[in-house]
Amino acid sequence: MSAPAFINTAFLLRRIRDLRCLTPRRTRVKTKWATSLPRYPATNMALQNFDATYSLQLGRLWPSVRCSLLSERKYGALINNFSDHQDVVSDLQDNGCLDFVSATQREAPISSVGPERGGGESEDTAGGGEPQESPGDTGEDPPLSLSPNIKCLVFPCGDITRFKPSRPDGHRLLGYYLLDAASVLPCLALDVQEGHSVLDLCAAPGGKTLALLQTQAIRFLSLNDSSVSRTSRLTRVLHAYVPKHLLAADRLRVTSLDGRHWAEFEGNTYDRVLVDVPCSTDRHSATEEDNNIFSKIRTGERRRLPQLQMDLLLAGIKAVRPGGEVVYSTCTFSQLQNQYVVQQALHLAGQEGIQLQVVSLQPLVRMLSGTFHFAPDLLLGEMVVPHLTANFGPIYMCKLRRLC
Ligand SMILES: C[S@@+](CC[C@H](N)C(=O)[O-])C[C@H]1O[C@@H](n2cnc3c(N)ncnc32)[C@H](O)[C@@H]1O
């Protein structure tokens, strides 16, 4: 007997789909959950936004950068000098890891000449014109010394082996901290010297703080993060990696204040200030729905980011003493959150009589280009861009020296 004429193929397919016994358990979705799913996933919104802006900004690089952004990221193991780390380092080296910081010191001269771009001429930056990186009056940057105590091990280019979780030593201190290896670069750029006082204005959860502490050169370290829960996480990280006597109040202070108002509390004080601001966290936004700044309910927060970043950078600039240095960093490609924020902060600082010089990070780029891929031709600062063979970043950094 033939089927009634009104039963068409689509109808039959729908009936078959409705037979739950034919649907594998793992792919069944309760209707209630399905209706509460976001209509526009935040990751899609992020990628749409990135495609529109970064294809213009990064040009031909964008398709390969996008592909890397969506692929598994690569980590680095920041070695904890405060633990019994010798065996940890040898084990990692036996597995093929290399310390990219010390490899750099062996391969490249530490002193450096001024930047190749921007004509290599000295340039005032506080007036709000087109800022350029300054090699100083002599045409040469002062030597950039990478702290020999910061060790970060990575698997070689193209090797995507994962690190095992770190284990505590006899004193219950962990041997290494896993982080995007490019996150260490702003700390290297900060160039902390013996006896310096340092402010980490947005410090939690503490990867960069740990890198700064590894220098073992800091006289006083002030750690701040406006989020109370993240500050608690930072404190837990410190206890897991740093011996108690180094956490004493005369050496280290943790606060949970709004960094935008820091100058009202401590101005013209520090030798070095790290301003690692909240940003659109591009890799996270492109891959994770959870806590995604591109979700609809966070639209306002996302739009306010450049203003918040600029206020924080300005606060960092005011907190550093004349002659001291500030590093601004983000983990986004966005020009609006990187170069434009720095330009605007320079302009506003200039209006308040604070003169700044942009310090070239080209020497650092030259030293580390065997490990990281850098965006070419940025007007201000430097940026690590993800690459399938070295899937670190994005990390943007710009260094400023306060002249007066
Ligand atoms: C990119 S994360 C910092 C990451 C950290 N430097 C690290 O390496 O682990 C930015 C941090 O800024 C904090 N933050 C946001 N607004 C702030 C404000 N107004 N003042 C101080 N910190 C702020 C956030 O809570 C967040 O922890």
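User: What distance separates a polar side-chain atom of Arg230 from an oxygen atom of the ligand?
Analyst: The model shown here is a predicted one, and the pair in question joins a polar atom on the side chain of Arg230 to an oxygen atom of the ligand. A polar contact is a pair of N or O atoms within 3.5 Å. For the Arg230 pair, the distance is 2.5 Å.

User: How much of the area that the ligand exposes when taken alone does the protein bury?
Analyst: Besides the side-chain atom of Arg230 at 2.5 Å from a ligand oxygen, we can consider how the ligand is covered by the protein. Taken alone, the ligand exposes 610 Å², and the part of that area which the protein buries is 87%.

User: Which two residues place a backbone N or O atom at 3.2 Å and at 3.1 Å from an oxygen atom of the ligand?
Analyst: Here the protein atoms belong to the backbone, in contrast to the side-chain atom of Arg230. The distance of 3.2 Å belongs to a backbone N or O atom of Ala204, and the distance of 3.1 Å belongs to one of Gly207. The two names, in that order, are Ala204 and Gly207.

User: Which residues come nearest to the ligand, and how do the residues of the shell divide into nonpolar, polar and charged?
Analyst: There are 22 residues around the ligand, and those that come nearest are Asp225, Arg230, Asp258, Gly259 and Asp276. Sorted by kind, the residues of the shell divide into 10 nonpolar, 6 polar and 6 charged.

User: Which helices each supply at least two residues of the shell around the ligand?
Analyst: Gly207, whose backbone comes 3.1 Å from a ligand oxygen, is a residue of α8. Looking at the shell by element, the helices that each supply at least two of its residues are α8 (207-214) and α12 (305-319).

User: Is Ala204 buried or exposed?
Analyst: Ala204 is found in the loop between β5 and α8, and UniProt, in an unreviewed entry, includes Ala204 in the feature "binding site". Leaving aside its neighbours within four places in sequence, Ala204 is in contact with Asp225, Arg230, Thr231 and Leu234. Because its relative accessibility is 9%, and the cut-off is under 20%, Ala204 counts as buried.

User: Where is Cys202 found, and what is its relative accessibility?
Analyst: Cys202 is also named in the "binding site" feature of the unreviewed UniProt entry, and its place is the loop between β5 (196-200) and α8. Beyond its neighbours within four places in sequence, Cys202 has contacts that include Asp225, Asp276 and Leu312. Cys202 counts as buried because its relative accessibility is 13%.

User: How many residues of α8 are buried?
Analyst: The buried residues of α8 include Gly207, Lys208 and Leu212, and for Leu212 the relative accessibility is 0%. Contacts of Leu212 with residues over four places away in sequence include Cys187, Val198 and Leu274. The helix is largely enclosed by the rest of the structure, because the count of its buried residues is 8 of the 8.

User: Which residue does UniProt list for "active site", and is that residue buried, exposed or partly exposed?
Analyst: The unreviewed UniProt entry lists Cys331 for this feature, and Cys331 lies in the loop between β9 (320-330) and α13 (339-351). Leaving aside neighbours within four places in sequence, its contacts are Cys279, Thr281, Asp282, Pro394 and Ile395. Because a relative accessible area of 26% falls between the cut-offs of 20% and 50%, Cys331 is partly exposed.

User: What is the length of the polar contact that joins the side chains of Thr330 and Asn338?
Analyst: Thr330 has its place in strand β9, and it is buried, with a relative accessible area of 1%. A polar atom of its side chain lies 3.4 Å from the backbone nitrogen of Thr332. The polar contact between the side chains of Thr330 and Asn338 has a length of 2.7 Å.

User: What share of the residues in the protein is buried?
Analyst: Taken as a whole, the protein has 14 helices and 12 strands. Among contacts between residues at least 6 apart in sequence, 76% join residues at least 24 apart. Of the 404 residues in the protein, the buried share is 50%.

How values were computed:
Residues are numbered from 1 along each chain as its sequence is written. This is a predicted model: local features need pLDDT of at least 70, side-chain atom pairs count only at pLDDT 80 or more; totals for chains, interfaces and linings use all residues. Side-chain values use heavy atoms; hydrogens and water are left out. A residue is near a molecule or strand if one of its heavy atoms lies within 4 Å of it. A polar contact is a pair of N or O atoms within 3.5 Å; within protein, one must be able to donate a hydrogen and the other to accept it, and residues adjacent in sequence count only if both atoms are side-chain atoms. Accessible areas come from the Shrake-Rupley method with a 1.4 Å probe; for residues, only the protein chains shown count as cover. Helices (H or I, at least four residues) and strands (E, at least two) are DSSP runs, numbered from the N terminus. Ala, Val, Leu, Ile, Met, Phe, Trp, Tyr, Cys and Pro count as nonpolar, Asp, Glu, Lys and Arg as charged, and the others, Gly among them, as polar. UniProt positions are given in the numbering used here, feature names are shortened, and annotations may be inferred rather than shown by experiment. Buried means under 20% relative accessible area, exposed over 50%, partly exposed in between (1.4 Å probe, protein chains only). Contact means heavy atoms within 4.5 Å.
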